[in-house]
Amino acid sequence: MKKIWVKALLVVAALLFLATPGMAAEKVIKWKVQGFVPAGMLYHDTLLRTAAAVKKATNGRLVWDVHPAGSLVPPFEGVKAVSDGVYQANYGYAAQWVGKIPVAPLFCSIPGGFNALDMAMWLNEGGGKELYQEMYDKYGFNVKVFPVEPITMENFMWSKKPLRTVEDFKGIKMRMMPLMGDVLAKHGMSVIFVPGGEIMPNLQRGVLDAAEYSIPAFDKTLGIWEICKFVMLPGIHQPCSQIEIVVNKKAYAALPDDLKEILAVTLGKMRLENWLWTEKKNIEAVEFLKGKGVTTVMMDPETVKTFTKWAHEYLDELAAKDPFFKKVWDSQKKFGAQWYPYHATYNLPH
């Protein structure tokens with residue numbers, strides 16, 4: 001009889017423990033999340049930083065199982081895979097989906113357009129976030145989008161010789177990705193589209209004379225500075241690049257309401273922290289590249305103006321063929337017309 005009473009007391013104690021607020025074991029929700037670069041590279045590190053922040057903020061109730069690019073599905077299939085529920089979230093950039101959504105690159109980068117702060121302002125205060133979600137809904141993707149950190153201006157071109165004028169670029173076999181690659185090709189430049197992993201061997205073999213890739217901190221890891229000792233600025237093709245997290249709507253809806261709020265707040269926090277951390281890495285990379293004998297070349301102002309003009313004319317042409325593209329591009333131009341004069345007036349010209 002005594003044993004029965006002891007067992008009963010233990011059962012009651014266990015039930016009381018589980019019923020006590022804050023003491024019950026919370027259900028752990030696990031999401032698979034794929035990134036857009038290999039493990040060990042800068043943007044995989046920012047994804048890991050974000051995953052750690054989500055786990056900490058939710059007290060371990062929401063855990064991201066992070067996978068590098070291509071480990072779950074090919075990188076350019078990420079948005080469809082998330083929409084279909086193959087995995088729960090994808091960390092990447094909208095321009096990856098250009099084959100499925102023609103306007104998607106405008107939510108990543110605008111040639112000759114927004115820098116990182118401009119993009120953040122348009123998304124938050126110029127209607128950009130709403131258009132961003134509208135884009136995915138319009139094209140039938142079952143995802144919720146969270147704009148996270150922007151990437152600041154990229155290097156325009158790495159080359160074995162300085163390139164300052166439009167004439168200097170003529171006849172140069174260069175790697176430049178869309179949209180700017182399309183713009184330059186349209187105006188007679190020799191543009192070759194190759195994946196990032198093929199840049200170095202093609203430069204070594206002479207298939208390419210010059211190539212663009214990314215920001216200083218990322219270009220440092222590529223080793224392009226071992227072949228090309230000149231880097232051209234400003235990065236007209238990508239004054240910024242906007243990173244996104246797209247989440248399967250069903251997976252998001254299944255989160256408790258408090259976790260939805262914690263997730264949104266944490267992603268907002270990491271939007272700023274990863275942005276600033278990446279800038280610190282850029283400063284370090286620029287100093288490293290100087291030590292390796294790299295020369296920064298500021299392109300002729302008329303060349304910058306010409307390339308920008310070409311890019312905006314091309315975007316106008318695309319907008320004339322696609323009503324939703326026009327809606328987004330018009331929104332960005334309207335916001336820029338308000339924002340640029342204010343920003344120029346209320347900032348010191350360092």
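I will start with the second largest pocket, to whose lining β9 (230-233) and α11 (257-291) each supply at least two residues, and I should say at once that what we are looking at is a predicted model. Of those elements, α11 is the one that gives the most to the lining of this pocket, with six residues. The volume of the second largest pocket comes to about 350 Å³, and of the 15 residues that line it, those closest to its centre are M153, N155, P216, L233 and V286. Sorted by class, the lining of this second largest pocket holds eight nonpolar, four polar and three charged residues.

Before going on to the other spaces, let me give the overall frame. The protein has 350 residues, of which 49% are buried, and its secondary structure amounts to 13 helices and eleven strands. Along its principal axes the C-alpha trace spans about 100 × 45 × 40 Å, while the accessible surface comes to about 17000 Å², with 61% of that belonging to carbon and sulfur atoms. If we take contacts between residues at least 6 apart in sequence, 76% of them join residues that are at least 24 apart.

Now to the largest pocket, which contains about 900 Å³ of space. It is lined by 38 residues, and the closest to its centre are F76, Y93, Q96, R175 and M177. Its lining, divided by class, has 25 nonpolar, nine polar and four charged residues.

I would like to stay with one of those central residues for a moment, namely Q96. Where along the chain is Q96 found? Q96 sits in the loop between β3 (89-92) and α4 (116-125). Is Q96 buried or exposed? With a relative accessible area of 6%, Q96 falls under the 20% cut-off and is therefore counted as buried. The side chain of Q96 reaches the backbone nitrogen of Y93 at 3.0 Å, and Y93 is itself among the residues closest to the centre of the largest pocket. If we set aside residues up to four places away in sequence, Q96 touches F36, P75, F76 and N90, and of these F76 is again one of the residues closest to the pocket centre.

There is also enclosed space to consider. A general remark first: rolling a probe the size of a water molecule over the atoms shows where empty space is left. In this model, the structure holds one cavity of 30 Å³ or more, and the volume of the largest cavity is about 40 Å³. Which residues line the largest cavity? They are Y43, T46, Y91, E149, P150, I151, I243, N274, W275 and T278. Here α11 appears again, since α2 (42-57), β4 (143-151) and α11 each supply at least two residues of that lining. By class, the lining of the largest cavity divides into six nonpolar, three polar and one charged.

Let me finish with two helices, α4 and α5, and with how their buried residues are covered. In α4, the buried residues are A116, D118, M119, A120, W122 and L123, and they pack against α5, β4, β10, α11 and α13. At the start of this helix, a side-chain oxygen of N115 reaches to within 3.1 Å of the backbone nitrogen of L117. Just after α4 comes G127, which takes a positive phi of about 90°.

Helix α5, residues 128-138, has G128, L131, Y132, Q133, M135 and Y136 buried. As general background, an α-helix has 3.6 residues a turn, so residues three or four places apart point the same way. What covers the buried residues of α5 includes α3 (78-83), α4, β4, β10 (241-248), α10 (249-253) and α13 (323-345). This helix is followed by G140, whose phi is also positive, near 80°.

Within α5 I would single out L131. Its relative accessible area of 8% lies under the 20% cut-off, and L131 is therefore buried. Which residues does L131 contact, leaving aside its neighbours within four places in sequence? They are F107, W122, F324, K327, V328 and S331, and W122 is one of the buried residues of α4. The C-alpha atoms of L131 and F324 are separated by 9.4 Å, although the two residues are 193 residues apart along the chain.

Key
Residues are numbered from 1 along each chain as its sequence is written. This is a predicted model: local features need pLDDT of at least 70, side-chain atom pairs count only at pLDDT 80 or more; totals for chains, interfaces and linings use all residues. Side-chain values use heavy atoms; hydrogens and water are left out. Helices (H or I, at least four residues) and strands (E, at least two) are DSSP runs, numbered from the N terminus. Buried means under 20% relative accessible area, exposed over 50%, partly exposed in between (1.4 Å probe, protein chains only). A polar contact is a pair of N or O atoms within 3.5 Å; within protein, one must be able to donate a hydrogen and the other to accept it, and residues adjacent in sequence count only if both atoms are side-chain atoms. Contact means heavy atoms within 4.5 Å. On a 1 Å grid over the protein atoms alone, a cavity is a set of points where a 1.4 Å probe fits but cannot get out, and a pocket is an open set with protein on both sides within 12 Å along at least five of seven lines; lining residues have an atom within 4 Å of a point. Grid points are joined across faces, edges and corners, and a volume is the space filled by probe spheres set on the points. Ala, Val, Leu, Ile, Met, Phe, Trp, Tyr, Cys and Pro count as nonpolar, Asp, Glu, Lys and Arg as charged, and the others, Gly among them, as polar. Accessible areas come from the Shrake-Rupley method with a 1.4 Å probe; for residues, only the protein chains shown count as cover.
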